[in-house]
Amino acid sequence: MSLKVDAMKNDVSDSEPSRRRFLAACSLGAAGAMLLPGYAGAAAPSGPVPPQWPGYRRATVIDALSGGPLDPRETTDYAPLNARSLADARASGLTACTITVSGVGSYLNDHALTMRNIGYWNGQLALHGDALSLVRTGADLVEAKRSERLGVIYGFQDSTPFGEDIERFDTFHGLGVRVYQLTYNRRNLVGDGCLEPANAGLSRFGRELVEKINAGRGLIDLSHAGQRTTLDAIAASSHPLTISHTGCAALAANPRNKSDEELRLLAARGGVAGIYLMPFLRQQGQPTAEDLIRHIEHAVNVCGEEHVCLGTDGMISSIDLTPEYRERLRSVVEERVRLGISAPGESGDVVTFLPDLNQPDRFDRLALLLSQRGHSDARIEKILGSNYARLFTEVCG
C-alpha cells in the first residue's frame, strides 16, 4: 500500500504510485518500509501460537511508532486492509501501536494529506472493528487488551499540518490524534530538526504550540528534534513527553540518536524513550537484536527501567529479503540523500529492520532474549509496553 506524496511538493495525487517520492517525505522506517516491494507478511497462524516468553500474553505490549497493519504488496493507494496483514497484527501480540497520519516537510500540502490519511484510517477502523480499535485514552488501551484487538493511536511526525494555526489542534484532537512530534529532520516553524546544523532550538511559535498541546492533553514526541529543540521542549512542557523512536548516542553517535543528557532529562520529567529497530543502532554495518539489547540496557541504566519502551519505526509483518527489495532500498536511500533528508547511517546495503527479529512476534522474541540476559519479568513488562501505557494515560487521560 502506498499513501502518495510528492517529495518536493507533498502533493496528494491520484497518479501511479511512487514509492520513492513518498519515502523521501517520510522516515526510512515505518512509513518507508511498507512501500518497498519484496515485503510480505509471515503466513497467518492457523491457531493460537504459544508465546516464547511465559509472561507475554499477560503483558501490555505497545509499539510507540509503527507502520501498522499495512500490506506493502498492495500497490493501490488507500486500498482496504487485507486478511493477511490483519492476521500478522494479531500474531504479533501487540496491544496497540502508534501510526503516522501526518504528512511531513511541506507547509503547502501536509494539512490536506493529513486529513486524507485520517479519513482513510477512520474508514479501516470502521470496516475492521473486530480486529482494530481507535485509542484515545488509557481506558481504550485497557479495552484493546481485553478485547484482543489491535489498538491504533494516531500520531504526527511533524508539526507542518498545523501551518501557522495552532487552533488546528482542536480539530486534530477531535479526530483522535494524540501524539504530536514537533519536528522531522529539518527545520520548521516550531524548531530545528536533528539534521539542522544551526541547532537553534524551540521557537516562540514552538513554545506556544507546546502550551496548546499540553492544555489539550496531547502527548509531545521529540524523536526527530535537534538537541536544543529537545532540551527546550522538555523544559517548556508542563507534562511528561516521549521520544518514541530513537537510539543512544553514547553507543552510536548519530543525529537520530539521543544523548545521555537528553534521555536523563526526559526521564526526570516522567517521560519515556522508545528504542527503535533501525540502522542507527550501529555506526556501520547491519544491526541485529544484540545491538538493540545494548541500546535498551544503556537506556535503562541512564533513565531507569520505568522510562524505556520500544518504538520499532518498522512494520508489523516480516520482510522477504529479495534482490528486488534490496535494489529498491538502494534507490530509496539515493533519493533521500539527493533530497537532503537522509540521516547519516542510511545505506542501501543495510536493511531498515533487524534480520533476526524479522517476524510479527518480534516483541515476544525480544522478551525472551531479555529474560535470558537476566532481566526480571517486571522490567520486561515495563519495556514491552506498561511504561508507555502509564505515560499515555497520565498525559492523554
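**Exercise 1. A loop residue with positive phi**

Work out which exposure class Asn199 belongs to, and where Asn199 sits.

*Step 1.* At 22% relative accessibility, Asn199 counts as partly exposed, because buried means under 20% relative accessible area, exposed means over 50%, and partly exposed is in between (1.4 Å probe, protein chains only).

*Step 2.* You'll find Asn199 in the loop between β5 (177-181) and α7 (204-215). Helices (H or I, at least four residues) and strands (E, at least two) are DSSP runs, numbered from the N terminus.

*Step 3.* Now check the backbone: phi of Asn199 is near 50°, a positive value in a residue that isn't glycine.

Before you go on, note that this is a predicted model, where local features need pLDDT of at least 70 and side-chain atom pairs count only at pLDDT 80 or more, while totals for chains, interfaces and linings use all residues. Residues are numbered from 1 along each chain as its sequence is written, and side-chain values use heavy atoms, with hydrogens and water left out.

**Exercise 2. Another positive phi**

Find the loop that holds Asp313, and decide whether Asp313 is buried or exposed.

*Step 1.* Look between β9 (308-310) and α11 (323-339): Asp313 is in that loop.

*Step 2.* Its phi is near 60°, again a positive value in a residue other than glycine.

*Step 3.* With 2% relative accessibility, Asp313 counts as buried.

**Exercise 3. The whole chain**

How many helices and strands does the protein chain have, and what share of its residues is buried?

*Step 1.* Count the elements and you get 13 helices and nine strands.

*Step 2.* Of the chain's 397 residues, 61% count as buried.

*Step 3.* Take the contacts (heavy atoms within 4.5 Å) between residues at least 6 apart in sequence: 74% of them join residues at least 24 apart.

**Exercise 4. Cysteines**

How many disulfides does the structure hold?

*Step 1.* Recall that a disulfide is a covalent bond between the sulfur atoms of two cysteines. The test here is a pair of cysteine sulfur atoms within 2.5 Å.

*Step 2.* The structure holds zero disulfides.

*Step 3.* As for individual cysteines, Cys309 is buried at 0% relative accessibility, and Cys396 is buried at 8%.

**Exercise 5. A buried glycine**

Which residues does Gly247 touch, leaving out those up to four places away in sequence?

*Step 1.* Place Gly247: it lies in the loop between β7 (242-246) and α9 (260-268).

*Step 2.* Its relative accessible area is 0%, so Gly247 is buried.

*Step 3.* The residues touched by Gly247 are Arg256, Asn257, Lys258, Tyr276 and His295, with that sequence limit applied.

*Step 4.* For a distance, try Pro279: its C-alpha atom is 9.8 Å from that of Gly247, and the two are 32 residues apart along the chain.

**Exercise 6. Helix α8 against α9**

At what angle do α8 and α9 pack?

*Step 1.* Helix α8 (residues 227-236) packs on α9 at about 15°, with the axes 10 Å apart. Axes are lines fitted to C-alpha atoms, for helices over the stretch in contact, and angles run from 0 to 180 degrees between N-to-C directions.

*Step 2.* That makes α8 roughly parallel to α9; angles under 35 degrees count as roughly parallel, over 145 as roughly antiparallel, 65 to 115 as roughly perpendicular and the rest as oblique.

*Step 3.* On the α8 side, Gln227, Thr230, Leu231 and Ile234 meet Glu261, Glu262, Leu265 and Leu266 of α9.

**Exercise 7. Helix α10 and its partners**

Which residues of α10 and α12 make their contact?

*Step 1.* The axes of α10 (residues 289-303) and α12 (residues 362-372) come within 11 Å and cross at roughly 65°. So α10 is roughly perpendicular to α12.

*Step 2.* Ala289, Leu292, Ile293 and Ile296 of α10 make the contact with Leu366, Leu369 and Leu370 of α12.

*Step 3.* Glu290 is also in α10, and with a relative accessible area of 59% Glu290 is exposed. Its C-alpha atom is 9.1 Å from that of Leu369, 79 residues apart along the chain.

*Step 4.* Now turn to α9, which packs on α10 at about 60° with the axes 9 Å apart. That makes α9 oblique to α10.

*Step 5.* Here the contact is made by Asp260, Leu263, Arg264 and Ala267 of α9 and His298, Val302 and Cys303 of α10.
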